[in-house]
Amino acid sequence: MAEYLVELYVAQGDHVAAQHHVALAEQAGADLAREGRAVRFLRSIFVPEDDTCFLLFEADSAALVTEAVGRAGLRLEHVSAATTSVAGAQESPADTTKGTSMTSTTTSSTTSSSSTTSGTGPDLKELRDKQQKVWSSGDYNKIAALTVPVSEHLVDHVGVGPTDRVLDVATGTGHVALAAARRSAESVGIDYVPALLDIARRRAEAEDLVVELAEADAEHLPYDDASFDVVLSAIGVMFAADHDAAGRELVRVTRPGGRIGLASWTPEGFVGGMLRTVGAHVSPPPGAQPATRWGTEEVVAGLLGEGVTDVSSVTATVRQRFTDAAEFADLFLTWYGPTYAAAGRLDDEGRAALRADLVALAESHDRGEGGGLVCDWEYRIVTATRR
Ligand SMILES: C[S@@+](CC[C@H](N)C(=O)[O-])C[C@H]1O[C@@H](n2cnc3c(N)ncnc32)[C@H](O)[C@@H]1O
């Protein structure tokens, strides 16, 4: 495969928009690769002074790169063969830059996004262990209340009733498992962070609900095949290290005719932007795939595979209110595992830069209604029926 360089225009040197473009291009490349097409996103370089973002792909043809960029919904200025590989922002990527000054730093941090890496591939066990530590850090319970409406929506959308045995994968503090129990279902929740399960237990007790809670890994569910009528996950399974294994497990434990419902942040929404912002400051571990892939119906359909039918999706938002953008940034830097862990790997200057970008992101989403920061966080619910 040869390397190709794509040039995109980014209005007013907008860092966040550049990161967004990069994530979309990366995802489109990964999706095409999953379909067996010979294309791979390699890395990006953002040149704010020139309002330009370069994307480097490896592919069989320029046409395939154009297809990837088109699928990402981006308008490219040029695609051209790259004659040298770009090892860093200081290096000229190719003779196609035509005098563009390559003095800025790259905004991309997720260049090794695909688990379908050739050769030995990433160590997904090691990645899973790292991510388990990340979710055990901070205090997710301080954030969890923000997504209660997402779980209630998921359970209603899928339609859980008293005769259903329901599994909530990556239950955290139990939102979906509790919502299912409130609808008189037989409810089971699993997560790999015991401290969060303890909170879920206390919440069930406080509401006098029966919920079975177990420490387990979404990638290796400790249940027999076809043992649940409904398998759900809200903003949970999307964070598994091995997306393919997690998808297979969801299908395996659902009975034929049973339903699967997954709510995930979208790549293009607020949280997608937040995760990319964090990734621009601290590179994700090797092999980590963007969690927000699960916010795309086609990707989930691919992950669930042949074992399901009737895949469909709805997109919705959950409204969030903060005193101001700084309150949002500090809340997430202090308590939300992924941002807290990333901030811990930066020096004071790096942390301040990350905080400033989080504040800018939040401000860019403010609905401008006054009375504090009000923003809508987009998620997508993908549902499917087990064959
Ligand atoms: C953003 S929280 C969402 C929790 C909960 N579903 C909710 O709606 O509040 C993500 C959760 O996924 C869990 N998680 C991520 N990967 C997991 C895995 N492989 N196995 C079990 N739990 C996992 C984390 O421990 C964390 O509780």
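**Note on the predicted model**

1. In this chain, contacts between residues at least 6 apart in sequence are 76% between residues at least 24 apart. The model is predicted. Buried residues account for 49% of the 387 residues.

2. The chain has 13 helices and 11 strands. Of the strands, 7 form an open sheet with mixed pairing, in the order β7-β6-β5-β8-β9-β11-β10. The edges are held by β7 (211-215) and β10 (308-322); each has a single partner strand, so one side of each has no neighbour in the sheet. From one strand to the next, the twist averages 20 degrees.

3. At the β10 edge, the partner is β11 (residues 373-386). The two strands run antiparallel and are joined by 13 bridges. Within this pair, S312 is opposite T383 of β11.

4. Helix α5 (residues 148-158) packs on the sheet. The strands that α5 touches are β8 (228-234), β9 (254-265), β10 and β11. The direction of α5 makes about 150 degrees with that of β8.

5. The ligand is surrounded by 24 residues. W135, A170, G172, A218 and G236 are the closest. Helix α3 (residues 124-136) gives the largest share of this shell, with 3 residues. By type, the shell around the ligand divides into 12 nonpolar, 8 polar and 4 charged residues.

Note on methods. Residues numbered from 1 in each chain as written. Predicted model: local features only at pLDDT ≥ 70, side-chain atom pairs only at ≥ 80, totals over all residues. Helix = DSSP H or I, 4+ residues; strand = E, 2+ residues; numbered from the N terminus. Buried ≥ 20, exposed ≤ 12 C-beta atoms within 10 Å, placed from the backbone. Contact = placed C-beta atoms within 7 Å. Pairing = 2+ DSSP bridges. Axes fitted to C-alpha atoms, helices over the stretch in contact; angles between N-to-C directions. Near = placed C-beta within 6 Å. Nonpolar A, V, L, I, M, F, W, Y, C, P; charged D, E, K, R; others polar.
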